[in-house]
Amino acid sequence: MKIGRNDPCPCGSGKKYKKCCGLHSPAEARSPVPGKFRFEPGSYGGPGAGYAPSLLCKKQISETDWRDHFVLANPQKPCADEASAIAIAEADLAEAFEKKRNGGTDADLAMSLRSKGYMNVEGFRVIQEEREAG
């Protein structure tokens, strides 16, 4: 399946492909600029509601600053606990990046996650737990 420049980006960001994963030529996509985007596996939901595997995409806005860009969650794989949801997200992300490392593009990575059931979360809120040191 070919993705058109004006089609919605398959990563689920809600942006057009040309303004998201299609910003780079296929050659650039195979050897990406390190740090432009990064994904952090996590869970979406909470106690009583269950947890879904999720991926937070962060976009680099300066050499040291990152901004939350979008969140993908997979409601097809609900988990009773947060650790299980995170483990699934980590495995799914590793598999998607393996496809990219084997000659794929950012769009291939996005399509891999979409095929697993990940979808964009509109109006997402990131909650950072404060953990005590020691």
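This report describes the sheet, the packing of a helix on it, and the nonpolar core of a predicted model.

## Basis

In this predicted model, local features need pLDDT of at least 70 and side-chain atom pairs count only at pLDDT 80 or more, while totals for chains, interfaces and linings use all residues. Residues are numbered from 1 along each chain as its sequence is written, and side-chain values use heavy atoms, with hydrogens and water left out.

## Sheet

An open, antiparallel sheet is formed by four strands in the order β1-β2-β3-β4. Strands (E, at least two residues) and helices (H or I, at least four) are DSSP runs numbered from the N terminus; two strands pair if DSSP finds at least two bridges between them. β1 (37-46) and β4 (119-120) are at the edges with a single partner strand each, so one side of each has no neighbour in the sheet.

Ten bridges link β1 and β2, with Glu40 partnered by Leu56 in β2. Three residues lie between the strands of this hairpin, where Gly48 has a positive phi near 85 degrees. β2 and β3 pair over seven bridges and are joined by a hairpin through five residues. Two bridges join β3 (residues 66-73) to β4.

## Burial and core

Eight of the eleven residues of β2 are buried (under 20% relative accessible area, 1.4 Å probe, protein chains only), so β2 is largely enclosed by the rest of the structure.

The largest nonpolar core (buried Ala, Val, Leu, Ile, Met, Phe, Trp, Tyr and Cys residues joined through side-chain atoms within 4.5 Å) has 19 residues, of which Cys11, Phe39, Leu55 and Leu113 touch the most other members. α3 gives the most to this core, with four residues.

Key:
Buried means under 20% relative accessible area, exposed over 50%, partly exposed in between (1.4 Å probe, protein chains only).
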